[in-house]
Amino acid sequence: VDVEPCAENEISDPDRTRLPRNQSEGTLPRIAVTTGACDALECLVGKLGVDESEFSPESGDGSIHLYQGGVGLDLPQGVPAGRGMYTDDSDHDVAAPGESFSLAQELWDDEDALMDYDIVINSCECAPDTQNKSIGAREALEAYTEAGGRAFLSHWHYVWLDEAPGALASVANWTDTRTYPDDEEAQTARINDGFEDGQKLSEWMLEIGGSEDYGEFTLFEARSTIQDIDTELADNWITFDNLADGGREQSQYMSFNTPVGEPDQCGRVVFSDIHVTSEVAGGDRSGEGHPFPEGCSDAIQAQEKALIYLLFDVGACIDREVPPIE
């Protein structure tokens, strides 16, 4: 791109300014994604523009490695574990057609395996317990984030924080007993613009059509596991008024840097208290009968657009102190 200094430079071909879709075009982060029957975040990674050929087993050459979550939990009746196989449909160009995913526990229990990834994304498994998350796994995740690793946790994966053996447990208080709205009930989410990145998110959502009004967007499948956040340690990005719980202001997206409370931080954790890819709103599916990526939809919901910003944020350089939120 030829750039004329101190002037507006129009780039007529947007293909010149996008991120690489595959390793032949440039460097991609190494990302591990665990599946879950209540969320399908592997689909969202694909919607960012990453080629299907970059999704492979951990032994493969792809940048995105998928693991099957939800195995080993007492899941509600009729709820399967997360999706666990690459499709062999010839319409899809996955790297390992027909091959099964390794279990998420094989990743979580191995600190060295975690350290191989820039980002680890855990999709909601539909159950809030640690049956398949050993104390060793929880110690490994904490060590991973403190070493600079980036983690994204969806809904019931709050147990990694609530049951953390170290400082991760100090960031927020949690509960699985509060009332939340019906899945079909649309909620008005508010973006916290009390800090600079919240303002940027509000502008981003307007720019890409995720919001009709500055600082607000519609979300479905809101949840309420976050009781309160230590705002000296974490950013509270998005809230809504939970009328099912007396109108209580409820956080839906939060993030914090690691090691928690230390002056030199190089890791980050993002937590989402919703099912990011709402099935109610026509979103993605994971589980039996939907080998990757056959359960993925083409649409990108507003709540997914907000998360895309946070996915880029979770991988960004840490160059600021976490500000207290008023």
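A residue counts as buried when its relative accessible area is under 20% and as exposed when that area is over 50%. This tour of a predicted model begins with a residue that falls under that definition.

**Val159 and helix α5**

Select Val159, which belongs to helix α5, spanning residues 159–162. Its relative accessibility is 4%, so Val159 counts as buried. Display the surroundings next: beyond neighbours within four places in sequence, Val159 is in contact with Pro128, Asp129, Thr130, Lys133 and Ala164. Thr225 may be added to the view; the C-alpha atoms of Val159 and Thr225 are 9.9 Å apart, although 66 residues separate the two in sequence.

**Aromatic pairs**

Stay with helix α5 and turn to the rings. The structure contains 11 aromatic pairs. Select Trp108 and Trp160: their ring centres are 5.1 Å apart and their planes meet at 75 degrees, so this pair is edge-to-face. Trp108 sits in helix α2 (residues 104–108) and Trp160 in helix α5, so that the pair links distant parts of the chain, 52 residues apart. Trp108 and Trp160 are both buried.

Move then to Trp174 and Phe271. With ring centres 4.8 Å apart and planes at 80 degrees, this pair is also edge-to-face because the angle is over 60 degrees. Trp174 is part of strand β7 (residues 172–174) and Phe271 part of strand β13 (residues 267–272), so the pair ties together parts that lie 97 residues apart in sequence. Trp174 and Phe271 are each buried.

For a further aromatic selection, take Phe55, Tyr86, Phe101 and Phe292, which ring pairs link into a cluster.

**Gln68 in strand β3**

Keep Phe101 displayed and add Gln68, a residue of strand β3 (residues 64–68). The relative accessible area of Gln68 is 17%, which means that this residue is buried. Setting aside residues up to four places away in sequence, Gln68 touches Phe101, Ser102, Leu103, Ala104 and Gln105, and also Ala81, Gly82, Arg83 and Gly84, together with Thr35.

**Helix α4**

Select residues 135–146, which make up helix α4. Its 12 residues should span 16 Å at 1.5 Å a residue, and the end C-alpha atoms are 17 Å apart, so the two values agree. Colour the buried residues of α4: Ala137, Arg138, Ala140, Leu141, Glu142, Tyr144 and Thr145. When viewing the arrangement of side chains, recall that an α-helix has 3.6 residues a turn, so residues three or four places apart point the same way. After α4, go to Gly148, whose phi is positive, near 115 degrees.

**Helix α7**

Select residues 302–314, helix α7. This helix has 13 residues and reaches 19 Å from its first C-alpha to its last, close to the expected 18 Å. Of those 13 residues, 12 are buried, so α7 is largely enclosed by the rest of the structure. Among the buried residues are Ala302, Ala306, Leu307, Ile308, Leu310, Leu311 and Val314, as well as Gln303, Glu304, Lys305 and Asp313.

**The surface patch**

Finish with the segment before β1 (31–34), where Val3 is placed. Is Val3 buried or exposed? At 59% relative accessibility, Val3 counts as exposed. Add Val1 and Ile11 to the selection: with Val3 they form a nonpolar patch on the surface, and the three together have about 270 Å² of accessible area.

Key: Residues are numbered from 1 along each chain as its sequence is written. This is a predicted model: local features need pLDDT of at least 70, side-chain atom pairs count only at pLDDT 80 or more; totals for chains, interfaces and linings use all residues. Side-chain values use heavy atoms; hydrogens and water are left out. Helices (H or I, at least four residues) and strands (E, at least two) are DSSP runs, numbered from the N terminus. Buried means under 20% relative accessible area, exposed over 50%, partly exposed in between (1.4 Å probe, protein chains only). Contact means heavy atoms within 4.5 Å. Patches are made of residues with over 30% relative accessible area and no salt bridge: like charges are joined within 9 Å, nonpolar side chains (Val, Leu, Ile, Met, Phe, Trp, Tyr) within 5 Å. Accessible areas come from the Shrake-Rupley method with a 1.4 Å probe; for residues, only the protein chains shown count as cover. A salt bridge is a side-chain nitrogen of Lys or Arg within 4 Å of a carboxyl oxygen of Asp or Glu. The expected span of a helix is 1.5 Å times one less than its number of residues. Rings of Phe, Tyr and Trp (its six-membered ring) pair if their centres lie within 6.5 Å; planes under 30 degrees apart count as stacked, over 60 as edge-to-face and the rest as tilted.
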